[in-house]
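Let's take a walk through this model together, starting from a single residue and working outwards. Have the structure open and rotate along as you read.

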Amino acid sequence: QVQLVESGGGLVQAGGSMRLSCAASQPTSGSYAMGWFRQAPGKEREFVATLRRIDSTVYADSVKGRFTISRDNSKNTLYLQMNGLKPEDTAVYYCAASRRFGIPRKENEYDSWGQGTQVTVSS
C-alpha cells in the first residue's frame, strides 16, 4: 500500500493559481492510477481528475481547461496545477492511488489516500 503526503494548499485570490503536491512512498507510474478529489463543507467528496496507469488524463467538467494533473517520476510526486481559480473551488483536496485499470472516478476505487490540504479561494 502506497503512502501519500500532500502539500501546497493555502489562500489565493480568485483568478489566481496554485500547485498542489502529493509525495508517494514508492514509484507509482505503471502500477497505480492517481487521482485528486475535493470536498467542500456540507458537500460530498467530488472527483477532480485522474492520471491513469497508462498515463492518459481525465478531468471533471467543472475543472476541465483550468486544472492539470501530472507526475514527476524521478521524485515520486503527483501534482495538481490549478489556474483561473474560483471561489467554488474552495475545498479540502485529497490525492489518492488506485490499482485499477480503466478510469477510476469513485472513492471506493482507490486504495490509499493522503491527509488532505485546504484550498481557499477568496473573491
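**Starting at Arg-66**

Setting aside neighbours within four places in sequence, Arg-66 is in contact with Gln-81, Met-82, Asn-83, Gly-84, Leu-85, Lys-86 and Asp-89. Keep in mind that this is a predicted model. Where does Arg-66 sit? Look in the loop between strand E6 (57-59) and E7. Arg-66 has a relative accessible area of 13%, so it counts as buried, the cut-off being under 20%. Its side chain also has a partner on the backbone: one of its polar atoms lies 2.9 Å from the backbone oxygen of Ser-62.

Met-82 was among the contacts of Arg-66, so let's hop over there. Leaving out residues up to four places away in sequence, Met-82 touches Gly-16, Ser-17, Met-18, Leu-20, Arg-66, Phe-67, Tyr-93 and Val-119.

Met-82 also leads us into the nonpolar core. The largest one has 32 residues, and Trp-36, Leu-80, Met-82 and Tyr-93 are those with the most contacts inside it. Which elements give two or more residues to this core? They are strands E3 (18-24), E4 (33-39), E5 (46-51), E7 (67-72), E8 (77-82), E9 (91-98) and E11 (117-122). E9 gives the most, with five residues. As background, nonpolar side chains tend to be buried together in soluble globular proteins.

Now follow strand E7, where Ile-69 lies. With a relative accessible area of 4%, Ile-69 is buried. Not counting residues up to four places away in sequence, Ile-69 touches Met-34, Gly-35, Trp-36, Ala-49, Thr-50, Leu-51, Thr-57, Tyr-59, Leu-78, Tyr-79 and Leu-80. Two of the names there, Trp-36 and Leu-80, came up among the core residues with the most contacts. For a distance to check on screen, try the C-alpha atoms of Ile-69 and Ala-49: they are 6.7 Å apart, with their positions 20 residues apart along the chain.

Arg-71 is found in strand E7 too. Is Arg-71 buried or exposed? Its relative accessible area is 16%, so Arg-71 falls on the buried side of the 20% limit. What does its side chain pair with? There is a polar contact of 2.8 Å with the side chain of Asp-55, and another, of 3.2 Å, with the side chain of Thr-28. Both partners turn up in the wider list of contacts beyond four places in sequence, which runs Thr-28, Ser-29, Tyr-32, Met-34, Leu-51, Arg-52, Asp-55, Thr-77 and Leu-78.

Next stop is Pro-104, in the loop between E9 and strand E10 (112-113). Despite the loop address, Pro-104 counts as buried, at 1% relative accessibility. What surrounds it? Apart from residues up to four places away in sequence, Pro-104 touches Ala-33, Phe-47, Thr-50, Ser-98, Glu-109 and Tyr-110. Its C-alpha atom is 18 Å from that of Cys-22, a residue 82 places away along the chain.

Finally, have a look at the largest pocket, with a volume of about 220 Å³. Of its 14 lining residues, Arg-38, Ala-40, Lys-43, Glu-46 and Glu-88 are the closest to its centre. How does the lining divide by residue type? There are nine charged residues, three polar and two nonpolar.

Notes: Residues numbered from 1 in each chain as written. Predicted model: local features only at pLDDT ≥ 70, side-chain atom pairs only at ≥ 80, totals over all residues. Heavy atoms only, no water. 1 Å grid on protein atoms, 1.4 Å probe; cavity = no way out; pocket = protein on both sides within 12 Å on 5 of 7 lines; lining within 4 Å. Points joined across faces, edges and corners; volume = space filled by probe spheres on them. Nonpolar A, V, L, I, M, F, W, Y, C, P; charged D, E, K, R; others polar. Core = buried A, V, L, I, M, F, W, Y, C linked by side-chain atoms within 4.5 Å. Buried < 20%, exposed > 50% of the residue type's maximum accessible area, 1.4 Å probe, protein only. Helix = DSSP H or I, 4+ residues; strand = E, 2+ residues; numbered from the N terminus. Contact = heavy atoms within 4.5 Å. Polar contact = N/O pair within 3.5 Å; in protein donor to acceptor, adjacent residues only side chain to side chain.
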